Amino acid sequence: MAKIAKKKAAARAAFEGKANLSVAEAVELVKNAASAKFDETVEIAMNLGVDPRHADQMVRGVVQLPAGTGKDVRVAVFARGPKADEAREAGAEVVGAEDLVESIQGGKIDFDRVIATPDMMPLVGRLGKILGPRNLMPNPKVGTVTMDVGQAVAAAKGGEVQFKAEKAGVVHAGIGKVSFDADKIAENVRAFVEAVNRAKPTGAKGTYLKKVSISSTMGPGVSIDVADAVAAQ
């Protein structure tokens, strides 16, 4: 326990007094401070000038991270017939219809993304109270309600990340691993910020991108200069 405390204290000391860094500086700081025995996730948090309780201020979207997420994504697909076969061929771990509904209602949720063909949505709708709070409900706005299930499965496994503003106007996501090269993490940071910036809702007033921070799973966070994060986009 003493060694862990020392590592945390050293990490906090390295971050002390540092804020609004360039993307490159922030990434290096987070990478160097990561000390867990596992490959920590690099996480991004963005404070937005929106109130998502209002429909015209909701921020939601999807982004394909250029360097991927470093995470094995398990995909469940609601489909029948040839589309079910297409999903399996694309690598979906769970494929089904009524049987999948029963499995989820029974508490078995061993997947990270849910995709459905449009004709399956009346069936999937029964699971709103289960999948909704977990941000797993298929939605055409982020490409998870589609007839092109093969492409959707491939995208989910290839580094696609969904984002949605929470009540306080905060968007957060995992955007890579500390083992990634620094330039790859920086690419992912910029891609994520660009996607959120493009998703600016019509009802947003005043400053939209208020704060951008990154951290590792077990490490402190550091803020990034917003102007640098959106530069060259």
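This passage describes the largest pocket of a predicted model and the strands that contribute to its lining.

A good place to begin is the pocket itself. The largest pocket encloses about 810 Å³ of space. Its lining is made up of 29 residues, and those closest to the pocket centre are N135, V161, Q162, H172 and A173. Sorted by class, the lining comprises 11 nonpolar, 9 polar and 9 charged residues. Both domain 1 (6-69 + 160-230) and domain 2 (75-158) take part, each providing at least three residues of the lining.

Turning to the strands, at least two lining residues come from each of β1 (41-48), β5 (113-116), β6 (160-164) and β7 (170-177). Strand β7 is the leading contributor, supplying 6 residues to the lining of the largest pocket.

Strand β6 deserves a further look. Of its 5 residues, 4 are buried, leaving β6 mostly covered. Strand β2 (residues 60-64) runs antiparallel to β6 and is joined to it by 5 bridges. Within this pairing, Q162 of β6 lies opposite V62; Q162 is also among the residues closest to the centre of the largest pocket.

Strand β7, in turn, belongs to an open sheet of 4 strands, ordered β7-β1-β8-β9 with antiparallel pairing. Because β7 and β9 (221-224) stand at the edges with a single partner strand each, one side of each has no neighbour in the sheet. From one strand to the next, the twist averages 25°. Towards the β9 edge, 4 bridges link β8 (residues 209-216) with β9 in the antiparallel sense, and V212 has I224 in β9 as its bridge partner.

Definitions and conventions:
Residues numbered from 1 in each chain as written. Predicted model: local features only at pLDDT ≥ 70, side-chain atom pairs only at ≥ 80, totals over all residues. Heavy atoms only, no water. 1 Å grid on protein atoms, 1.4 Å probe; cavity = no way out; pocket = protein on both sides within 12 Å on 5 of 7 lines; lining within 4 Å. Points joined across faces, edges and corners; volume = space filled by probe spheres on them. Nonpolar A, V, L, I, M, F, W, Y, C, P; charged D, E, K, R; others polar. Domains from an automatic or database assignment. Buried < 20%, exposed > 50% of the residue type's maximum accessible area, 1.4 Å probe, protein only. Pairing = 2+ DSSP bridges. Axes fitted to C-alpha atoms, helices over the stretch in contact; angles between N-to-C directions.
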